[in-house]
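Welcome! Take a moment to look over the structure below, and then we will walk through it together, one part at a time.

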Amino acid sequence: METLPISAESFKVGFVGAGKMAESIARGVVASGMLPPNRISTAVHSNLNRRQVFESFGVKVFSSSEEVVRESDVVIFSVKPQVVKKAITEVKSTLSKDKVLVSVAAGIKLKDLQEWSGQDRFIRVMPNTPAAVGEAASVMSLGTAATEEDGALVTKLFGSVGKMFKADEKMFDAVTGLSGSGPAYIFLAIEALADGGVAAGLPRELALGLASQTVLGAATMVSKTGKHPGVLKDDVTSPGGTTIAGVHELEKGSFRATLMNAVVAAANRSRELSQS
Amino acid sequence: METLPISAESFKVGFIGAGKMAESIARGVVASGMLPPNRISTAVHSNLNRRQVFESFGVNVFSSSEEVVRESDVVIFSVKPQVVKKAITEVRSTLSKDKVLVSVAAGIKLKDLQEWSGQDRFIRVMPNTPAAVGEAASVMSLGTAATEEDGALVTRLFGSVGKMFKADEKMFDAVTGLSGSGPAYIFLAIEALADGGVAAGLPRELALGLASQTVLGAATMVSKTGKHPGVLKDDVTSPGGTTIAGVHELEKGSFRATLMNAVVAAANRSRELSQS
């Protein structure tokens with residue numbers, strides 16, 4: 001039996017799990033104009049705060065996950081990894097081939113999602129923390145019966161909170177080590193740049209403001225110009241200048257090797273955790 | 001004699017020096033709607049390419065710097081540091097107290113700008129390379145007769161290509177070490193994160209895309225949430241998880257100290273250069 005495509009003009013999205021990730025995506029989707037809030041729903045059992053948060057921007061709040069699933073064409077499981085199995089089995093009888101199922105739970109494989117749900121039109125997405133400020137780096141992998149159109153729809157949904165990439169599921173541990181854990185490495189970098197500025201004589205507030213804007217600007221240059229980072233570095237290191245003096249210190253301190261070590265260690269830890 | 005304020009509704013901006021910085025600011029100002037392009041001018045002597053670039057988005061192009069100065073209320077000297085003195089002395093007779101003068105030349109002090117021009121309504125701005133993509137970290141220092149309103153106007157102009165900060169001129173070497181040279185440190189970081197991703201098994205293109213978006217997202221979190229980077233790091237390091245494993249590698253490798261070293265070394269080099 002052929003998979004029915006989801007209607008782009010009228011589809012509804014439902015979140016099972018009304019936490020921060022669901023809120024970020026819901027807000028992003030509404031702010032981008034992709035969906036009016038009344039085509040988005042979630043379930044909140046008793047937490048009045050969470051109910052008010054979603055209702056405050058027009059999202060429908062039901063009391064049970066079954067209602068959310070019945071209402072929705074695209075169902076996003078946004079509960080913590082420890083409770084995903086329970087959340088899926090609770091609504092198993094309301095699921096069908098006509099719905100696109102999405103999971104954002106870190107470390108939970110498509111094989112298990114499909115087994116627990118009895119459905120294989122699943123898409124696994126690994127977003128990261130900056131979804132909260134609309135600049136996520138998300139990676140998706142399509143399940144057995146998820147179509148390219150399903151993938152395109154999910155890409156648009158997650159595109160409203162950042163950038164979406166596609167990868168084979170076997171790469172997800174490496175993705176975790178890089179985009180999953182990466183924001184923390186950059187928080188450390190921004191703190192260190194600010195400390196360096198203070199060491200050089202700047203007041204803390206100015207140093208921190210310059211540090212975060214400098215990092216933001218540099219990352220924007222890489223993504224907007226499409227130039228290799230090494231070429232961009234060449235472009236800004238004038239002979240005997242200040243920048244090459246700074247770069248020299250980074251090389252002396254094995255700066256790049258240390259960052260590689262971090263990504264590899266986090267990826268390895270992700271692999272360990274998924275085997276326990 | 002009191003300084004005449006520049007009229008916010010009708011003021012004109014002129015660039016002495018028609019290079020990349022002038023182009024970035026001119027484009028940014030037009031794109032933000034702050035000024036229509038016909039209230040912006042520059043001078044191009046013989047380089048047809050540069051003339052066409054500015055004319056292509058509606059900026060007036062004169063053949064001489066004197067015409068630009070006569071036309072403008074705000075004059076921005078955007079020539080290379082080596083030729084600033086010549087550029088200023090060439091137009092000295094057309095300058096007056098009624099114009100706000102701005103210099104973006106790295107390492108050139110207000111004392112010299114004011115001496116060469118015979119004017120003290122000068123503002124010195126240290127922008128950085130990401131002005132080209134609208135995400136500069138710029139710092140300004142007001143000259144003797146530049147008013148707070150002049151500062152606010154210049155802040156708005158540079159606000160169209162990024163963020164503006166204010167600092168005492170004596171801090172400009174430290175600023176150079178941080179926001180001036182900082183983008184290069186982040187280009188290295190992005191390359192290293194991508195290499196780490198490749199070491200962990202990702203294809204290059206995906207690794208580089210994730211690396212730059214992850215850095216962008218993390219910097220956006222620091223600037224939008226206003227939370228301390230250490231608190232943000234705490235928020236994302238779950239017990240025994242992948243992220244703390246990555247952070248541990250950074251600490252083992254003295255990651256933060258190395259970045260501090262870079263900022264301090266570049267600031268010191270800036271101080272040396274300004275004394276030669």
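What share of the contacts in chain B with a separation of 6 or more comes from residues 24 or more positions apart? The answer is 62%. Please keep in mind while reading that this is a predicted model.

## Chain B at a glance

Let us begin with the general build of chain B. It holds twelve helices and eight strands. Of its 276 residues, 57% are buried. If you follow the C-alpha trace along its principal axes, chain B spans about 70 × 40 × 35 Å.

## An annotated domain in chain B

The UniProt record, an unreviewed entry, places the feature "domain: Pyrroline-5-carboxylate reductase catalytic N-terminal" at residues 12-107 of chain B. Over residues 12-107, the chain is 35% helix and 20% strand. The C-alpha atoms at the two ends of this stretch lie 27 Å apart.

## The annotated binding site

The unreviewed UniProt entry also gives a "binding site" feature, which it places at B:I16, B:G17, B:A18, B:G19, B:K20 and B:M21. Two of these positions are worth a visit. B:K20 is part of helix α1 of chain B, which covers residues 20-31, and B:M21 belongs to helix α1 of chain B as well.

Is B:K20 buried or exposed? B:K20 counts as exposed because its relative accessible area is 72%, and the cut-off for exposed is over 50%. B:M21 is partly exposed, at 23% relative accessibility. Leaving aside residues up to four places away in sequence, B:M21 touches B:V104, B:P127, B:N128 and B:A131.

## A buried serine

Another residue to find is B:S65, in helix α3 of chain B (residues 65-71). B:S65 has a relative accessible area of 7%, so it counts as buried, a label that applies under 20%.

Which residues does B:S65 touch, not counting those up to four places away in sequence? They are B:I16, B:A43, B:H45, B:E90 and B:V91. One of these, B:I16, is also among the positions that UniProt lists for the "binding site" feature.

## The sheet in chain A

Now turn to chain A, where you can trace an open sheet of eight strands. Their order is β3-β2-β1-β4-β5-β6-β7-β8, and the pairing is mixed. At the edges of the sheet are β3 (60-62) and β8 (162-166) of chain A, each of which pairs on one side only. On average, neighbouring strands of this sheet are turned by 25° against each other, direction ignored.

For one pair inside the sheet, look at strand β1 (residues 13-16) and strand β2 (residues 40-43) of chain A, which pair in the parallel sense over three bridges. Here A:V13 stands opposite A:I40 in β2(A). The sheet also has a partner from chain B: helix α9 of chain B (residues 204-225) packs on it, touching β7 (136-142) and β8 of chain A. The direction of helix α9 makes about 160° with that of β8(A).

## Where the two chains meet

How many residues of chain A are in contact with chain B? There are 93 in chain A, in contact with 93 residues of chain B. About 8,200 Å² of area is buried between chain A and chain B, and carbon and sulfur atoms give 81% of it.

Salt bridges between chain A and chain B number two. A:E191 forms a salt bridge with B:R256, and the closest N and O atoms are 2.9 Å apart.

Methods:
Residues are numbered from 1 along each chain as its sequence is written. Chains are lettered from A and ligands numbered from 1 in the order in which they are written. This is a predicted model: local features need pLDDT of at least 70, side-chain atom pairs count only at pLDDT 80 or more; totals for chains, interfaces and linings use all residues. Side-chain values use heavy atoms; hydrogens and water are left out. UniProt positions are given in the numbering used here, feature names are shortened, and annotations may be inferred rather than shown by experiment. Helices (H or I, at least four residues) and strands (E, at least two) are DSSP runs, numbered from the N terminus. Buried means under 20% relative accessible area, exposed over 50%, partly exposed in between (1.4 Å probe, protein chains only). Contact means heavy atoms within 4.5 Å. Two strands pair if DSSP finds at least two bridges between them. Axes are lines fitted to C-alpha atoms, for helices over the stretch in contact, and angles run from 0 to 180 degrees between N-to-C directions. Buried area is the accessible area (1.4 Å probe) that two parts lose on being put together, summed over both. A salt bridge is a side-chain nitrogen of Lys or Arg within 4 Å of a carboxyl oxygen of Asp or Glu.
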